[in-house]
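Colleague: I am new to this structure and would like to go through it with you slowly. Could we take the questions one at a time?

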Amino acid sequence: MIRVLIVEDEKPISNLIRMSLTKEGFQCTCVHDGAAAADLLEQNAYDLILLDVMLPEVDGFELMEYIRPMEIPVIFLTAKGSVHDRVKGLRLGAEDYIVKPFDTIELLARIDVVLRRYRKCDMVIETGGLRIDTASMRVWRGAEEISLTKTEYDLLLLFARNPRRAMYRETIYERVWGGEYPFGSKAVDLHVQRLRKKVGWETMLQAVNKVGYRLEVTP
């Protein structure tokens with residue numbers, strides 16, 4: 001599980017980010033000032049840090065100087081949107097710089113890019129009788145390679161990375177297709193039906209009443 005440290009002094013924003021990331025399978029810790037974040041970093045290991053700039057005690061730019069030798073990827077989340085501030089954040093070693101307000105879908109997409117860059121996500125995933133090579137985007141069942149469309153592959157990867165987790169149709173659509181879920185759309189259901197048959201997940205990829213779908217595999 002990917003461990004994320006959220007350093008944000010505005011608690012409503014911090015809680016929203018935590019809920020959104022937890023829903024997607026991340027393990028999140030929230031802290032509300034730079035000094036407390038430094039203390040946590042001394043005691044715990046994290047795979048990613050989401051860092052505000054304007055923080056009590058120690059600001060985000062100062063904290064970044066402390067984080068940099070640890071080689072933990074950092075994404076700045078801040079209202080300081082000037083070119084000067086963006087350049088400063090990136091030159092300090094941040095992987096990305098997102099200006100508030102931002103959309104949760106965009107944040108998740110940027111996190112995916114950064115984690116792939118750092119190879120924090122599994123390069124080969126084995127689940128449900130499949131072997132998924134995320135570098136080459138190829139899928140095998142035993143010795144047989146399974147041909148999938150880009151959408152089917154993205155859908156497969158989403159379930160593979162979130163086993164035993166009930167996922168809403170709205171969440172599935174946002175993560176695979178991007179954008180807001182169109183009311184009454186059957187896109188998710190139709191693609192799930194095709195994916196089940198192609199990869200042999202007829203019993204494992206289960207419908208969850210009034211929610212969406214869950215990949216039920218043995219831990």
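Colleague: How far does the backbone nitrogen of alanine 35 lie from a polar atom of the side chain of aspartate 33?
Modeller: This is a predicted model, in which local features need pLDDT of at least 70, side-chain atom pairs count only at pLDDT 80 or more, and totals for chains, interfaces and linings use all residues. Residues are numbered from 1 along each chain as its sequence is written, and side-chain values use heavy atoms, with hydrogens and water left out. Aspartate 33 sits in the loop between strand 2 (27-31) and helix 2 (34-43), and its side chain reaches the backbone nitrogen of alanine 36 at 2.8 Å. For the backbone nitrogen of alanine 35, the distance to a polar atom of that side chain is 3.0 Å.

Colleague: Which residues is aspartate 33 in contact with, leaving aside its neighbours within four places in sequence?
Modeller: Contact here means heavy atoms within 4.5 Å. With the neighbours within four places in sequence set aside, the partners of aspartate 33 are Val7, Pro56 and Glu57.

Colleague: How far apart are the end C-alpha atoms of helix 5?
Modeller: The expected span of a helix is 1.5 Å times one less than its number of residues. Helix 5 (residues 104-117) has 14 residues and therefore should span 20 Å, which agrees with the distance between its end C-alpha atoms, 20 Å.

Colleague: Which residues of helix 5 are buried?
Modeller: Buried means under 20% relative accessible area, computed with a 1.4 Å probe on protein chains only. What covers the buried residues of helix 5 includes helix 1 (11-23), strand 3 (48-51), strand 4 (74-78), strand 5 (96-99) and helix 7 (169-176). The buried residues themselves are Leu107, Leu108, Ile111, Asp112, Val114 and Leu115.

Colleague: Which element gives the largest share of the largest nonpolar core?
Modeller: A nonpolar core is a set of buried Ala, Val, Leu, Ile, Met, Phe, Trp, Tyr and Cys residues joined through side-chain atoms within 4.5 Å. The largest one has 29 residues, and those with the most contacts inside it are Leu156, Phe159, Ile172 and Trp201. Strand 7 (130-133), helix 6 (150-160), helix 7, helix 8 and strand 12 (212-215) each give two or more residues to this core. The largest share, seven residues, comes from helix 6.

Colleague: Where in the protein is confidence highest?
Modeller: Confidence is given as pLDDT, the predictor's value for each residue from 0 to 100, and its mean over the protein is 88, with 97% of residues reaching 70 or more. It is lowest in helix 4 (residues 83-91), at a mean of 84, and highest, at 96, in helix 8 (residues 187-199).

Note on methods
Helices (H or I, at least four residues) and strands (E, at least two) are DSSP runs, numbered from the N terminus. Buried means under 20% relative accessible area, exposed over 50%, partly exposed in between (1.4 Å probe, protein chains only). A polar contact is a pair of N or O atoms within 3.5 Å; within protein, one must be able to donate a hydrogen and the other to accept it, and residues adjacent in sequence count only if both atoms are side-chain atoms.
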